[in-house]
Amino acid sequence: MERLTCPAEDCGYVFWDNPIPVVAAVVEHEGHLVFARNVKWPHGMYGLVTGFLEPREEPAEGVVREVAEELGIEAEITEFIGAYGFARKNQLLLAYHLVGHGEIALNDELAEWFHVAKDEAEYWPGGTGLAVRDWLRAQGYDPQPRELPPQVEAWLKAPPDLD
C-alpha cells in the first residue's frame, strides 16, 4: 500500500491513515432497542448511537458518555459485543450493549429516534448493523437484513463526508 510521506530528506514523516476508533451503542430502553437518525443522514436511515473517543478515554467510558450526550439518558453496559471494521469511514467500531434509563431527550446531533421490539428488529448489512445482528442472535432472535431505501443506498455509495 502506498502511503503519503514528507518529501524532505531529513523529515521521515509517514501518514499512516490508521483507522479511527469509534464506540457504538446497542441501547435497550424500556425493553426495546433504540435507533436514531443523525441530522446529516437522509430520511429513512437510522442507526446506533456512535461517537469518537476523547483523548485518553476508555471505550467503555466513551460509549456511556455518548449515550448520555446524544439520548439524554443514563445507561449501563451489559457486555462488549465486538469490533467491526467500517472501511467507508476508515473506522474501527467498538460495539457495546447498554441498558438505558430515563426519558430520551435528543441532543442537536440527532434528528429523531424510535423504539423497536427485539423480535421485530432488522439489521443493515454493514457497519453497526452487524453489531445489531450479532447481539440479537446471541439473545436468541433471528433478525433479517433490512433493505435500504434508494436514497440511503445512494448516500452510502457517495464519497464519505469527512466531517
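**Figure 1. A salt bridge between Arg 146 and Glu 122.** In this predicted model, the side chains of Arg 146 and Glu 122 meet in a salt bridge with an N to O distance of 3.8 Å, where a salt bridge is defined as a side-chain nitrogen of Lys or Arg within 4 Å of a carboxyl oxygen of Asp or Glu. The pair links distant parts of the chain, 24 residues apart, with Arg 146 in the loop between α2 (128-138) and α3 (150-157) and Glu 122 in the loop between β8 and α2; helices (H or I, at least four residues) and strands (E, at least two) are DSSP runs, numbered from the N terminus. Arg 146 counts as partly exposed because its relative accessible area is 31%, and Glu 122 is likewise partly exposed, at 38% relative accessibility. In these terms, buried means under 20% relative accessible area, exposed means over 50%, and partly exposed lies in between (1.4 Å probe, protein chains only).

Two notes apply to every view. Residues are numbered from 1 along each chain as its sequence is written, and side-chain values use heavy atoms, with hydrogens and water left out. Since the model is predicted, local features need pLDDT of at least 70 and side-chain atom pairs count only at pLDDT 80 or more, whereas totals for chains, interfaces and linings use all residues.

**Figure 2. A salt bridge between strands β4 and β8, formed by Arg 37 and Glu 112****.** The closest N and O atoms of Arg 37 and Glu 112 are 2.8 Å apart. This pair also links distant parts of the chain, with Arg 37 in strand β4 (residues 32-38) and Glu 112 in strand β8 (residues 110-117), 75 residues apart. Arg 37 counts as buried because its relative accessibility is 7%, while Glu 112 is partly exposed, with a relative accessible area of 26%. Side chains of opposite charge can pair when their charged atoms come close.

**Figure 3. Further salt bridges, including a network.** A search of the whole structure finds eight salt bridges, one of which joins Asp 134 to Arg 133, with the closest N and O atoms 2.9 Å apart. Asp 134 is partly exposed, since its relative accessible area is 26%. Salt bridges that share partners join Glu 54, Glu 57, Arg 65, Glu 66 and Glu 69 into one network. As background to this view, the chain has 12 positive and 29 negative side chains, and the centres of the two sets lie 6 Å apart; Lys and Arg count as positive and Asp and Glu as negative, with His and the chain ends not counted, and the place of a charge is taken as NZ of Lys, CZ of Arg, CG of Asp or CD of Glu.

**Figure 4. The surroundings of Phe 52 in strand β5****.** Phe 52 is placed in strand β5, which spans residues 49-52, and counts as partly exposed because its relative accessible area is 44%. Leaving aside residues up to four places away in sequence, Phe 52 touches Ile 20, Pro 21, Val 22, Glu 57, Arg 65, Glu 66 and Gln 91, a contact being heavy atoms within 4.5 Å. Among these contacts of Phe 52 are Glu 57, Arg 65 and Glu 66, which also belong to the salt-bridge network of the preceding figure. From Phe 52 to Lys 118, the C-alpha to C-alpha distance is 26 Å in space, with their positions 66 residues apart in sequence.

**Figure 5. A nonpolar surface patch of Leu 4, Tyr 13 and Phe 15****.** Together these three residues have about 340 Å² of accessible area, as given by the Shrake-Rupley method with a 1.4 Å probe, where for residues only the protein chains shown count as cover. Patches are made of residues with over 30% relative accessible area and no salt bridge, like charges being joined within 9 Å and nonpolar side chains (Val, Leu, Ile, Met, Phe, Trp, Tyr) within 5 Å. Phe 15 lies in strand β2 (residues 14-15) and is partly exposed, at 38% relative accessibility.

**Figure 6. Positive phi values at Asp 17 and Glu 30****.** Most residues other than glycine have a negative phi, and most peptide bonds are trans. Asp 17, although not a glycine, has a positive phi of about 55°; this residue lies in the loop between β2 and β3 (20-29) and is partly exposed, with a relative accessible area of 44%. Glu 30, also not a glycine, has a positive phi of about 55° and is found in the loop between β3 and β4, where Glu 30 counts as exposed because its relative accessibility is 61%.
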